[in-house]
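Welcome! Here are a few short exercises to work through with the model open beside you. Try each task before reading its solution.

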Amino acid sequence: MTGLPHLSLYRRAAALAWVAGPLLFLADNLLHPKEYGTGEEAQQLAEIAGNYERWQVAHLLGLGAIFLFVPAVLGLAFAIRRRAPTAGLVGGALCVAGALGFASVIALDGFAWGVAGEVWQRGDRATAELVLHDLQQSEWGYAYYVPGLGFLAGLVVLGISGVSSGVLSGVAGLLLGLTGVMVGLETEIHSNAFFIAGAGVMVAAGLGVAAHLWRMSDEDFAGGA
């Protein structure tokens, strides 16, 4: 006995979140219209204007994925924390803080860019392009974008500590760490194909983590073995 009520519910909910969250993230990236690099405001706004509903829905799916990532990473951090207390705490904290950062990025890249695209479509193109340029280039944006890197660093920490503590297999831990690296590179590599590849790796990692959590006994999940 673990002495913790409803532990099986928490474990299975975390496992399901590891499946549903990455799948929503993959759907987001499959639906997402083409994303251009900085300095290509006119092309980006034309793409958004021509695919306005897809743009907004894709980012709503991304927001839903972020909501599911929180219980997913907390469940994995819980399983790690008694075997590797510092790594479990640091990895979980980084992921939760990073998820908050990603939520703010969704608001900026999804809603704000989308509205700018709608204004561009209505004819005030110079103003819309200036707004998008400032959204992309303003140094104030770092306060919203940089915290999201914590989620990616947290995935790497949980991947490594999950393997070293025996919670995850080497393959699952490697995929989880690779997910953090690939998604982190998306800010530098503006390619929808790369975004989809990163989301695909996240799905594979999520399935691997979910399988380990689902097969665990409650005692193992609590760190008793």
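pLDDT is the predictor's confidence in each residue, from 0 to 100. This is a predicted model, in which local features need pLDDT of at least 70, side-chain atom pairs count only at pLDDT 80 or more, and totals for chains, interfaces and linings use all residues. Residues are numbered from 1 along each chain as its sequence is written, and side-chain values use heavy atoms, with hydrogens and water left out.

**Exercise 1. Find where confidence is lowest and where it is highest in the protein.**

Step 1: Start with the whole protein, which averages a pLDDT of 90, with 96% of the residues scoring at least 70.
Step 2: Turn to the helices (DSSP runs of H or I, at least four residues, numbered from the N terminus). Confidence is lowest in helix 10 (residues 218-221), with a mean of 86, and highest in helix 1 (residues 7-31), at 95.

**Exercise 2. How many salt bridges does the structure hold, and which parts does the pair R11 and D218 tie together?**

Step 1: Recall that a salt bridge is a side-chain nitrogen of Lys or Arg within 4 Å of a carboxyl oxygen of Asp or Glu. The structure holds two.
Step 2: In one of them, the side chains of R11 and D218 meet at 3.1 Å, N to O. Because R11 lies in helix 1 and D218 in helix 10, this pair ties together parts that are 207 residues apart in sequence.
Step 3: Check accessibility (buried is under 20% relative accessible area, exposed over 50%, partly exposed in between, with a 1.4 Å probe and protein chains only). R11 is buried at 4%, while D218 is partly exposed at 22%.
Step 4: R122 and E118 also meet in a salt bridge, at 3.7 Å, N to O. Both lie in helix 4, four residues apart, about one turn of the helix. R122 counts as exposed at 68%, and E118 as partly exposed at 29%.

**Exercise 3. Describe the surroundings of R81.**

Step 1: Locate R81 in helix 3 (residues 52-81).
Step 2: R81 is buried yet has no salt bridge, and the nearest side chain of opposite charge, D220, is 11 Å away. Here Lys and Arg count as positive and Asp and Glu as negative, while His and the chain ends are not counted.
Step 3: A polar atom of the R81 side chain lies 2.9 Å from the backbone oxygen of F78.
Step 4: Leaving out residues up to four places away in sequence, R81 touches G88, F221, A222 and G223, where contact means heavy atoms within 4.5 Å.

Notes:
Helix = DSSP H or I, 4+ residues; strand = E, 2+ residues; numbered from the N terminus. Polar contact = N/O pair within 3.5 Å; in protein donor to acceptor, adjacent residues only side chain to side chain.
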